[in-house]
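Colleague: I would like to go through the labels used for this model and hear what each one rests on. Please set each value against its cut-off.

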Amino acid sequence: MPGNSFGQFFRITSWGESHGKALGVVIDGCPAGLKLQEEDIQIELDRRKPGQSRYTTKRNEPDKVTIMSGVFKGQTTGTPISMMIVNSDAISKSYSGFKDIYRPGHADYSYDKKYGFRDYRGGGRSSNRETVARVAAGAIAKKILNKYKINTFGFVSQIGEIKGQKISKSYIEKNPLRIADKSKFSEMSKLVDLVRQEGDSIGGIIEVRTNGVPAGLGSPVFEKIDAKLASAIMSIGGVRGFEIGSGFSIAERKGSEVNDEMQTKIKSKVEFKSNNSGGILGGITNGNEIILRFALKPTSSISKTQSSINTKGQNKKLKVTGRHDPCLCPRAVPIAEAMVNLVILDCLMENQLTNLKKISI
Ligand SMILES: Cc1cc2nc3c(=O)[nH]c(=O)nc-3n(C[C@H](O)[C@H](O)[C@H](O)COP(=O)(O)O)c2cc1C
């Protein structure tokens with residue numbers, strides 16, 4: 001499979017390259033009758049766009065979306081929705097030096113091995129610019145899910161070795177690092193500033209939570225919702241680790257500590273005393289909050305001198321110039337939220353079709 005489409009029922013196909021004329025997405029399967037305007041999409045794209053602060057790349061893209069099809073008189077028609085975002089600040093000459101040299105840590109070498117030919121300008125299709133497509137599609141998924149009172153939010157929980165402890169939801173969009181623990185801002189921002197000045201970069205961890213998810217989403221065996229979420233998140237460039245609920249720390253604990261014991265209190269409403277499973281059991285949601293985390297590597301494009309090879313296999317030294325994020329985390333938050341929303345909506349739509357009790361005839 002060429003790999004540019006995602007989802008079964010709310011199916012998106014992403015297209016475009018970092019330095020091509022435009023990027024975009026086609027959504028097949030969006031229900032008719034949803035009120036939709038470009039502003040709904042733009043809000044999310046503005047959260048993802050470059051040049052937001054000194055902690056992100058200086059590439060100055062307005063990322064203005066145009067809805068090309070599937071919407072009539074402000075409502076979705078049930079036909080394919082196509083959205084386009086024009087590239088207006090691509091400086092391709094910054095990449096002419098990497099035409100024949102592989103940037104270490106980026107996808108240049110592996111793309112060349114697969115295709116034998118690659119668009120080297122800004123990483124082409126392997127660039128994070130591709131994610132405008134997912135964020136645009138995710139904005140529509142979010143709008144539908146909000147109608148079901150399903151809400152997703154993400155935040156940066158760690159940068160380098162500095163860990164956030166508190167979660168203040170209202171603080172996340174108020175700070176350029178998108179952290180949730182205000183008390184760590186000064187320390188974390190100093191670290192990002194330092195690596196930027198050194199021509200280096202730094203990694204981090206993002207946490208995403210979804211509340212309001214009903215029990216029963218996801219399917220057994222190969223279509224588990226946690227497997228789909230892992231696939232969705234791992235498809236974002238630079239992701240090196242993924243966990244659900246207690247994740248990797250569960251390896252150090254006993255069953256008696258981590259089984260989420262159940263009880264009912266008010267009107268037989270099921271409650272879990274804890275949420276080590278991150279809201280998913282057997283690949284199916286249990287009604288608890290979905291909690292996932294992922295680790296992002298430090299940006300590979302750094303201006304320190306590094307070793308690599310050219311297309312002839314000769315050893316070379318290079319410094320990666322151009323405009324790059326010193327820490328991928330802040331801008332990855334809306335991208336991850338979009339991917340989570342796409343997975344949950346797809347599972348919700350699947351449930352309408354696979355469970356007779358849910359279909360009203
Ligand atoms: C929000 C975001 C921004 C990114 N910006 C850059 C960048 O400026 N420079 C860069 O080299 N990589 C950047 N990346 C990472 C690359 O896309 C990624 O490392 C590359 O596609 C290779 O894929 P891999 O790291 O998953 O193996 C970014 C990733 C994300 C999620």
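Modeller: First, the term for helix orientation: angles under 35 degrees count as roughly parallel, over 145 as roughly antiparallel, 65 to 115 as roughly perpendicular, and the rest as oblique. The angles run from 0 to 180 degrees between N-to-C directions, and axes are lines fitted to C-alpha atoms, for helices over the stretch in contact. This is a predicted model, in which local features need pLDDT of at least 70 and side-chain atom pairs count only at pLDDT 80 or more, while totals for chains, interfaces and linings use all residues. Residues are numbered from 1 along each chain as its sequence is written, and side-chain values use heavy atoms, with hydrogens and water left out.

Colleague: Why are helix 3 and helix 8 called oblique to each other?

Modeller: Helix 3 (residues 131-147) and helix 8 (residues 329-354) pack at about 50°, with axes 8 Å apart. Helices here are DSSP runs (H or I, at least four residues), strands are E runs of at least two, and both are numbered from the N terminus. The angle falls in none of the named ranges, so the pair is oblique. The crossing is left-handed, a term used if the near helix is turned anticlockwise from the far one by less than a right angle, with clockwise giving right-handed.

Colleague: What makes up the contact of helix 3 with helix 8?

Modeller: Contact means heavy atoms within 4.5 Å. On helix 3 the residues include Thr131, Arg134, Val135 and Leu145, and on helix 8 they include Pro334, Ile335, Met339 and Leu348. By class, this contact has 13 nonpolar, three polar and two charged residues. The classes are fixed lists: Ala, Val, Leu, Ile, Met, Phe, Trp, Tyr, Cys and Pro are nonpolar, Asp, Glu, Lys and Arg are charged, and the others, Gly among them, are polar.

Colleague: What makes helix 1 oblique to helix 3?

Modeller: Their axes come within 9 Å and cross at roughly 135°. That angle is outside the parallel, antiparallel and perpendicular ranges, so helix 1 is oblique to helix 3. The crossing is right-handed. Among the residues in contact are Asp40, Ile41 and Glu44 of helix 1, and Thr131, Val132 and Lys143 of helix 3. They divide into seven nonpolar, one polar and six charged.

Colleague: Which residues join helix 1 to helix 8, and at what angle do the helices pack?

Modeller: The angle is about 145°, with the axes 7 Å apart. Glu44, Arg47 and Arg48 of helix 1 meet Arg331, Val333, Pro334, Ile335 and Glu337 of helix 8. Three of these residues are nonpolar, none is polar and five are charged.

Colleague: Which residues of helix 1 are buried, and what do they pack against?

Modeller: Asp40, Ile41, Gln42, Glu44, Leu45, Arg47 and Arg48 are buried. They pack against strand 4, strand 7 (81-86), helix 3 and helix 8.

Colleague: How do you know that Asp63 is buried?

Modeller: Buried means under 20% relative accessible area, exposed over 50%, and partly exposed in between, with a 1.4 Å probe and protein chains only. Asp63 has 0%, so it is buried. Asp63 lies in the loop between helix 1 (38-48) and strand 4 (65-69). Its contacts beyond four places in sequence include Gln42, Arg48, Ile85 and Arg129.

Colleague: Why is Gly245 called buried?

Modeller: Its relative accessible area of 4% is under the 20% limit, so the label is buried. Gly245 is in the loop between strand 11 (239-244) and helix 7 (255-258). Outside its neighbours within four places, Gly245 contacts Asn275, Asn276, Ser277, Gly278, Ile291 and Arg293. The C-alpha atoms of Gly245 and Asp63 are 34 Å apart.

Colleague: Are Arg178 and Lys267 buried or exposed?

Modeller: Arg178 has 5%, under 20%, so it counts as buried. Lys267 has 81%, over 50%, so it counts as exposed. Arg178 is not a glycine but has a positive phi of about 55°, and lies in the loop between helix 4 (169-172) and helix 5 (185-197). Lys267 has phi near 45°, also positive, in the loop between strand 12 (262-264) and strand 13 (270-272).
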